[in-house]
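Visitor: Please pick one part of this structure and look at it closely. Then tell me how the rest is arranged around it.

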Amino acid sequence: MPNQSLLRAAAIAAVSVMSAACADSISAPVTPGDAPPLASTLVGPIEDLGPGGQLLGINASGAVVGYVPVDGGNAAIVWTPAAGRDTLQDLAYSSSPQTVAYAIGDAGQIVGTSEAGDGTPRAVLWSSSSAAPQDLQPGVTIPSRANDINRHGMVVGTRTRSTGDWSRAFAWTAEGGARELPTLGAMASANAVNDSGVVVGFSTGPNAGNPERAVRWTAAGQIELLPVPGPRSFAQDVNLRGEIVGSWHDASGQQRAFFWSPQTGFMDLGNGGGIAANALSISQSGMVVGLAVTNEGYRAWAWTPRSGMRRLQGLSGSSASAYAVNRNGQVAGNAVDSASTGRLVRWRLSEYNSGPTVTLAPGARSLEETDSIALTAIGQDPEGDPLRYAWTFGNGATHNDPATTGSSTVRRRYGDNGSYPLEVIVSDPSGARDTVTDTITVVNVAPRAVFAAPAAVSEGATFPASISALVDGAADLRAGIQVSFDCGTGTFGTASTALNTTCPAWPDDDTLTIRVKLLDKDGASTVYTRSVAVQNAAPVARASAGSATTIPRRGTFTMQGTFTDGGASDGPWKYRFTWGDGTYTEGFVNAQGAVPATQHMYRGAGTYRPYLRVTDKNGVSGTSARLTVIVNP
């Protein structure tokens, strides 16, 4: 059965977190009693609970468990504020028991180890301080130890195999009994479990002679090597935030305490100003306690990110050890008095902190919805703590800046008009905070775009008009900009979200003013105009033979024709049949299409090339292809 020196040795052989690749980032150690990194303080008067061995566990209500030495052995004890100290029953009901209580849950369940009648230490659970111990592995005559219990009643610990070593980690629940946790090699120990079912401890590697390494078992039971530097490391405790503490060995072999967080990674807490140090417990808020070994004895210490490592007050003697801390800052351990007698002690720690303040730097508080605004929050902390900034912009958007001792500047685009409440909360590592508020006014703007249309078109031809590079507030663009075109009539067409249209043909040459109107959801509008020159188009004439094209002299030939004109209003049109013999016949028509067929007598033999010419009211003519008429002698 472990005695006091063995328990201390086991505690010193603990855990840690990071990989050897991170060794260059290890911070300088802070030793107990040194000035803390910040101006805050940890204060904790000591409370003497009477003579004994060690207090190893504490729950949220301040109840503590551990053991006291008795003749020939150790007796597990529990101490509560209401009832004081009580001795727990052991499996063998012996007058010289070998029983230790390692942890107590918030519901009062206690776990530890008790030697059975055959002399084998067994992992046990006491459902209450007055209950008989329950053997967690009944019928299995191998040594085992229960190290921790969470609020759901899940127990973790270590059990041996035939080698007699504490060689395998296990987890136990009332529903499923004991199950072995996976290991990386020959040996593993489960030292602690949080309320999410995450377990930490250590495991050796797969090869002979591999040293212990800190590990974590997920709630699903998978084992993970923790990224802790050094050749050896041990994980001792884990809280609900997943923060882990323990010890690691540096390249020289010195044992040092560590803290690891999923957010910030590994942090070396140093050697406690002594020969070795171990972080043994962490609270839900991140307060760490442990012990350091010095030439003068043991030192109990506590650590927080704000205060650094602080030596805890002892009794009149020099030695003290801190083994467990609860969520209220109460710490369980032991200390030596002036008579060199071991005493069971508790500390109740609190951390003094001055809250930060925050202001907004002077500057604009209004902007157009298409613009962005720069905002700066300036935080100050009396202790110089790194501050976190949490921005809320009033439009559903947020922004968080990680810890910084300086200010926080953001640039924000709102995208829609309105008044938006702005809030900035600044907080320090202890959770103290300050808030500043203001109002951001966003002004609606009319939509903008590039309007395109041809500079000139021919009469009778359709032409395109379009917009591009549309600019407005993001919310207006999402709602859709209503676009309507005026193709020169003076009236806007039906609005839609289409960005282009085809304007109808214009019947006569003219100069048109075409427009486009852009309207957003808030009623703001923009009108763009363009001038389009409608140019006159020449008539298109076509001539054809209305009779034979080979005739005798003094015979007649009939020519017929048609024409079109892009200018529907270019009439009347003059038509002229030119016969190719120096004569012509002409007339006027008021509509496009056929012109009257006309006969002509050729008086002399020869080859003639007659054609049709049509002229609009503007004097612009179009000529047909020439025909060929042969007049025989």
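Guide: What follows starts at one glutamate and then moves out to the whole chain, its sheets and its cores.

This is a predicted model, in which local features need pLDDT of at least 70 and side-chain atom pairs count only at pLDDT 80 or more, while totals for chains, interfaces and linings use all residues. Residues are numbered from 1 along each chain as its sequence is written, and side-chain values use heavy atoms, with hydrogens and water left out.

The glutamate is E243, found in the loop between β19 (233-238) and β20 (244-249). Strands (E, at least two residues) and helices (H or I, at least four) are DSSP runs, numbered from the N terminus. E243 counts as buried because its relative accessibility is 8%; buried means under 20% relative accessible area, exposed over 50% and partly exposed in between, with a 1.4 Å probe and protein chains only.

The side chain of E243 makes polar contacts with two side chains: that of N239 at 2.8 Å and that of R241 at 3.1 Å. A polar contact is a pair of N or O atoms within 3.5 Å; within protein, one must be able to donate a hydrogen and the other to accept it, and residues adjacent in sequence count only if both atoms are side-chain atoms. Apart from neighbours within four places in sequence, E243 is in contact (heavy atoms within 4.5 Å) with D237, V238, F259, W260, S261, P262, I282 and G286.

Now the whole. The protein has two helices and 55 strands. Its radius of gyration, taken over C-alpha atoms, is 48 Å, well over the 26 Å that the globule rule (2.2 Å times the number of residues to the power 0.38) gives for 633 residues, so the protein is more spread out than a compact globule. The C-alpha trace spans about 155 × 60 × 45 Å along its principal axes. Of the 633 residues, 49% are buried.

One sheet is open and has four strands in the order β40-β45-β44-β42, with mixed pairing. Two strands pair if DSSP finds at least two bridges between them. At the edges are β40 (456-458) and β42 (482-486), each of which pairs on one side only. Inside this sheet, β44 (residues 510-519) and β45 (residues 525-535) pair in the antiparallel sense over ten bridges, and the bridge partner of K517 is V527 in β45.

Another open sheet has three strands in the order β39-β41-β43, with antiparallel pairing. Its β39 pairs with β41 (residues 463-471) over four bridges, and V450 has S468 of β41 as its bridge partner.

Nonpolar cores come next; such a core is a set of buried Ala, Val, Leu, Ile, Met, Phe, Trp, Tyr and Cys residues joined through side-chain atoms within 4.5 Å. The largest has 20 residues, of which L375, Y389, W391, F393, Y414 and I440 touch the most other members. Strand β37 (418-427) is among those that supply at least two residues of this core, and β37 gives the most, with four. A second, separate core of 19 residues includes F563, W573, F577 and L612.

W573 leads to G587: leaving aside neighbours within four places in sequence, G587 is in contact with W573, K574 and Y575. G587 belongs to β50 (residues 584-589) and is buried, at a relative accessible area of 13%. From C-alpha to C-alpha, G587 and P227 are 104 Å apart in space, and 360 residues separate them in sequence.
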